[in-house]
Structure formats: structure tokens, C-alpha cells
Amino acid sequence: MAGPRGSDFRCAAAADRRLDDVAGTATHVTAFLLVEHHGPWGASAPRDSRLPDGVRSHLATHRNIKVLLARRHHRAHRESEYRLFLCFPARRLLLTSTFEDPEELMALDLDAVSRGEAPAWEQVDGPLFGVCTHGRHDACCAERGRPVAAALTATHPAGTWEISHMGGDRFAANMVVLPEGLYYGRMDPGSASEVAWGHEAGRLDLTRLRGRASATMHVQYAEIALRRHLEEDLLDAVRLVRRQGWTCVFSHRTGSTVREWAVTVSRRTHGEAQLTCSVERLSPVPVHDVVSIRQI
């Protein structure tokens, strides 16, 4: 199942040919921390960035906090302050602050953040659209991500940021929407603004939706499978009620009517492939399947 490898190999094109499903592939995290940084990001941000050594080490202390470097698209930074965003997707809480010296980041209590505790920062409503353009990490992120960032900046200049690696290079162009923590994949310049406008109207793009970062991957997949089954794209129409093993129970609201649905899924691998441009090692291709969808 492995595709061609080498300098001309593109993981996103290979995933397109395999028809890899984007559903259930969002990174599961407690919080996102976006740090404005216009210098080189290196291959792995923030580890390889030009942030001070102590700051880089501090930002890497918790696996359940997704740290993303951020910058505006083709806009030079001329201010004395840099922007910070902190998001707790399970609570749909988006906070912002600023800093002048990166050393100030050492004062952020990441132990508390990892426990879901929010600092006393200014709350903002969003939405914030973060488009991965991290070319040093993966060629597809730059080649597919930058045109999407340009298109979104043209229609949503205040809310659009280029961000470092967010996971799932093979689904480039990738976008995260905060504060909901929604991952989208296979974005393109023509659809980018439509997805953003749809989100502002409370609707999801079920073709490109990878999942909610506040949930584990099989829960993400179960929700998207149910939404596809019901043809339901309203953001707040489906809510997780409970889960037990590989079965998730969701409530679905249509008008004043609420029904519950049980969705059972499974996970397997289907052959091996090169899942990112930068690493030629072959890895198992994960696949989710629907076992059953039934109304309770």
C-alpha cells in the first residue's frame, strides 16, 4: 500500500488517492496555546524556534496542551507587543493576552492550564481560524496551507492566523477553529471562506470536518458518522451524552424534539503508508468503521 517516496512525494496527494477519511483524526487536547512568533519556526515548533531555551522547554512540559506558534499572513510585525491565545475547547473558552519579551511566558502556570484552570486573561468570542502553513515540518502544509491562509485573510483578516504543525499532515490544508477546537482537513482556497462563513452561522462542513479536539478520536468519528447519517450540520444540534467503550450516546435536537442515538464504532489498520512527507518510515494507516447506529 506504500506509495512512491522521495523528494517528489507528497503525503496529502497520497492520502487523497487512498481516499483516507478525515473523520476522527483531530488531536485530543485539554488546551491550545497560540504564541505569536514571526521568526523561523524550524522543523518542530516550538522546539526548533528561536525562542529562548528556557521558554521552549517551559512550553513543552505538558502533552495535553497543544502549543502552536502563530503569525499573520504576509504581514510584518511592527508592534511592541505580541499576542497570546489560550483556548479550552471543552468549555468553548478563548482567552487572550499580550507579551513584549518571550521570557514573560515563563510566568504562565502550565500545570494549572493542563488541569483546565484558566488564568485571568481577557475573554474573546472568536472565531479564530488557524491554518497550518508549517512548511519546514511538512511540504504539504506550506504548498496547500498558504493559499488557504491567503484566501481566509482576504475575507476574515481579524480572525485568521498562520500556525505551526497541528497534526495530520496528510490532510493538508488543515485548519483549527477556536474556541470550539474543530479540526478541518483538505481545505482549499475556494472553500475556505465558505467554511468560515458557515461556522459563523453555526454550521459544520461534514466533508472536511476532522473532529472536535475536546474528544477522543473514536468519539469524534462517532459524532461525524451520526451527523452524516442524519445529514445534520448544525453545530449545536448534536451533543455527547455518555460513552461506554466504543459506544457513544448522543442527543440530537430538531426543533423542540430531542432523540438519543447510540453509535458503536471500531478501529483497525489498513496496510502501511508514508503518512508525512518529512518521515519516510512506513506507518499503519488507521481506519474507523461504523458498527451500528441506532435510535434509543
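How do E8 and E9 pair, in the parallel or the antiparallel sense, and over how many bridges? In this predicted model, strands E8 and E9 pair in the antiparallel sense, and three bridges join them. The mean pLDDT of the protein chain is 95, with 98% of its residues reaching 70 or more. An exception is found at residues 1–5, over which pLDDT stays under 50 and for which the model has 15 contacts beyond four places in sequence. Where pLDDT is low, the predicted coordinates should not be read in detail.

The pairing of E8 with E9 takes the form of a hairpin with three residues between the strands, and Gly181 in the turn has a positive phi of about 70 degrees. Pro179 also lies in the loop between E8 and E9, and the peptide bond that leads to Pro179 from Leu178 is cis, with omega near 15 degrees. A second cis peptide bond, with omega near 5 degrees, runs from Gly126 to Pro127, the latter being placed in the loop between strand E5 (122–124) and E6. Strand E6 in turn pairs with E8 in the antiparallel sense over four bridges. Val176 of E8 is the bridge partner of Gly130, and Val176 also has Tyr183 as its bridge partner in E9. In a regular strand the side chains alternate between the two faces of the sheet. Both faces of E8 are covered, as Met175 and Val177 on one side and Val176 and Leu178 on the other are all buried.

Met166 is situated in the loop between strand E7 (160–163) and E8. With a relative accessible area of 1%, Met166 is buried, and among the residues that it touches beyond four places in sequence are Thr27, Gly130, Met175, Val176 and Tyr183. Although Met166 and Thr27 are 139 residues apart in sequence, their C-alpha atoms are 7.7 Å apart in space.

Helix H5 (residues 189–200) comprises 12 residues, which at 1.5 Å a residue should span 16 Å; the end C-alpha atoms are 18 Å apart, in agreement with this expectation. At the start of H5, a side-chain oxygen of Asp188 comes to within 3.0 Å of the backbone nitrogen of Gly190, while the helix is followed by Gly202, whose phi is positive, near 80 degrees. The buried residues of H5 include Ser191, Ala192, Val195 and His199, and the buried residues of this helix pack against strand E6 (128–132), helix H4 (139–155), strand E8 (175–178) and strand E9 (182–184).

The largest nonpolar core has 32 residues, of which Met175, Tyr184, Met187 and Phe250 touch the most other members. At least two residues of this core are supplied by each of E6, H4, E8, E9, H5, helix H6 (217–230), strand E12 (247–254) and strand E13 (257–273). The greatest contribution to this core is that of H6, which gives six residues. Beyond four places in sequence, Phe250 touches residues that include Val219, Ala222, Leu226, Val238, Leu240, Trp261 and Val263, together with the charged residues Glu223, Arg239, Arg259 and Glu260. Apart from this core lies another, of 21 residues, among them Leu33, Leu84, Leu86 and Leu93.

Strand E3 (residues 82–88) is mostly covered, five of its seven residues being buried. E3 pairs in the antiparallel sense with strand E1 (residues 31–36) over four bridges, and in this pairing Val35 stands opposite Leu84. With strand E4 (residues 93–99), E3 likewise pairs in the antiparallel sense, over seven bridges, and Leu95 in E4 is the bridge partner of Leu86. The hairpin of E3 and E4 has four residues between the strands, and Arg92 takes a positive phi near 50 degrees there.

Most residues other than glycine have a negative phi, and most peptide bonds are trans. Arg92, which is not a glycine, nevertheless has a positive phi, and at 35% relative accessibility Arg92 counts as partly exposed. Leu19 is also not a glycine and has a positive phi of about 65 degrees. Leu19 is placed in the loop between helix H1 (11–18) and E1, where, at 71% relative accessibility, Leu19 counts as exposed.

Notes. Residues numbered from 1 in each chain as written. Heavy atoms only, no water. Expected span 1.5 Å × (residues − 1). Buried < 20%, exposed > 50% of the residue type's maximum accessible area, 1.4 Å probe, protein only. Contact = heavy atoms within 4.5 Å. Polar contact = N/O pair within 3.5 Å; in protein donor to acceptor, adjacent residues only side chain to side chain. Core = buried A, V, L, I, M, F, W, Y, C linked by side-chain atoms within 4.5 Å. Pairing = 2+ DSSP bridges. pLDDT = per-residue confidence, 0-100.
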